[in-house]
Amino acid sequence: MRPRRSERGAALLTVLLLVAVMAILSATALEKLRMSTRLAGNALALDQARAFAMAAETVALGRIDTLIDADPGRTTLAGGWNGRQTRLPLPGGIATVRVTDGGNCFNLNSVVSGQSGGVLETRPMGVAQFAALMEAIGIGRGDAARIAASLADWIDSDDVPGPLGAEDAAYRDLPTPYRTGGTLLADVSELRAVAGVTADIYKLIRPWTCALPVTDLSPINVNTLLPEQAPLFVMLMPDRLTLDRARRLLSERPVDGYASLYEFWKLPALDGLGAPPEVSEQTTIRTRWFAMEMRVELGGADLDESALVDAGIAPARLVRRSWGEAG
C-alpha cells in the first residue's frame, strides 16, 4: 500500500528537522572545540609570557645593580636610563622593559608613621605634603585637605576620625558599606576607596603617587627628579616654593647631578627658603626604589607587568609585582 502524499511530506519534514538538529549540534560541538583549543592556546601563551617576563626581570635587576655599582653614593640621570624603553627579542615575540626612579612620587603610606603590622599613627607632615601635591596639580584646597586626612584615617590603627577625616562610620552608610583598611596600602588603586576620591580626582592623582612598603616620607631624589615633576618638589615646601621656581631649579641642575645634599640645599636659588630639617633629610641623591613596567608580546598574547624593586641592599631585589595594566 503506497503512503499518502501528506504522509510522505511529514516524513520528509521529520528528516529535515533531524538533519537541522544534527547540524546545530555539530556546529555547537565544533565551536566548543575551537573555543577550548583557543583557550588552551592562550593559557599556554600566557604561561610562556610570564616565564619570559620573569627572565626579563632578571635582566632588568642586573642593569639596576650595574647602575648602582657605577656610583654607590648617588644616582643620576647619566646614561639616559630613567624612562627609557628597552626592547628584548624573544622566540616568537618581544618584551619591552621600562625602568624609572620609583621614589620620585608621593608615597601614600607616608601619611602615617610606624611599622607594617604594628601601631600606625597619623603623620601631620605626610598629610600636609599630600594635600600640597594635590593643590599643585589642580585639586581644590578643600578637597585636597579632606582626601589627605581621610587617607590617614584609612591607614591608621585607631577608629577615631581626625579633623576633616573619615573612619568606619563614614563608609558604613554607603549603598555598599565597607570598612577602612587599618594597614598600609599595597597598591595605589586602593586609594579609590577613600572618602572624597572621585574617578576624576583619582585620574589626576594616579601618575604622581606610589605605595611604597614603608611609611618613610617620599624619598625625592634631587638628581633624578625631572622638571615636569616639579609638583613633587613644591609639595615639600608648598608655601615657600612656586612651581615656576621649582621647574627652573630642576632645569638648571648639573648634567652629572649634585655630589651631596649639602651642595643642593646651599644653592642660591634655595637661599632663604629655610627648608625644615625633616624635609632636608627626606630628600636624597641616591635612589633606593625603582619602578619597572614590562610588556610581553608573544604568540598573540599580550602581558603587562608592573614591579617595584628595592636597591637598598645589593643585589637589588623585587619586592612586588602585579599583572595587567595599572589600575
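Is Phe264 buried or exposed, and what is its relative accessible area? In this predicted model, Phe264 is buried, with a relative accessible area of 1%. Phe233 likewise counts as buried, at 1% relative accessibility.

In total, nine aromatic pairs are counted in the model. One of them joins Trp154 and Tyr178, whose ring centres lie 6.0 Å apart; the planes of these two rings meet at 65°, over the 60 degrees required, and the pair is therefore edge-to-face. This pair links distant parts of the chain, since Trp154 belongs to helix H3 (residues 141-155) whereas Tyr178 lies in the loop between helix H4 (168-172) and helix H5 (199-205), 24 residues apart. With regard to solvent accessibility, Trp154 counts as buried at 7%, while Tyr178, with a relative accessible area of 31%, is partly exposed.

Phe233 and Phe264 form an aromatic pair that is also edge-to-face, with 5.8 Å from centre to centre and 70° between the planes. Here too distant parts of the chain are linked, Phe233 being located in helix H6 (residues 230-234) and Phe264 in helix H8 (residues 261-265), 31 residues apart. Both residues belong to a cluster in which ring pairs link Phe233, Tyr258, Phe264 and Trp265.

Charged side chains are also placed over aromatic rings. Arg50 lies over the face of Trp323, at 5.4 Å from the ring centre, and the charged end of Arg192 sits over the ring of Tyr202, 5.3 Å from the centre of that ring.

Technical notes:
Residues are numbered from 1 along each chain as its sequence is written. This is a predicted model: local features need pLDDT of at least 70, side-chain atom pairs count only at pLDDT 80 or more; totals for chains, interfaces and linings use all residues. Side-chain values use heavy atoms; hydrogens and water are left out. Rings of Phe, Tyr and Trp (its six-membered ring) pair if their centres lie within 6.5 Å; planes under 30 degrees apart count as stacked, over 60 as edge-to-face and the rest as tilted. Helices (H or I, at least four residues) and strands (E, at least two) are DSSP runs, numbered from the N terminus. Buried means under 20% relative accessible area, exposed over 50%, partly exposed in between (1.4 Å probe, protein chains only). A charge sits over a ring if NZ of Lys or CZ of Arg is within 6 Å of the ring centre and within 35 degrees of the ring normal.
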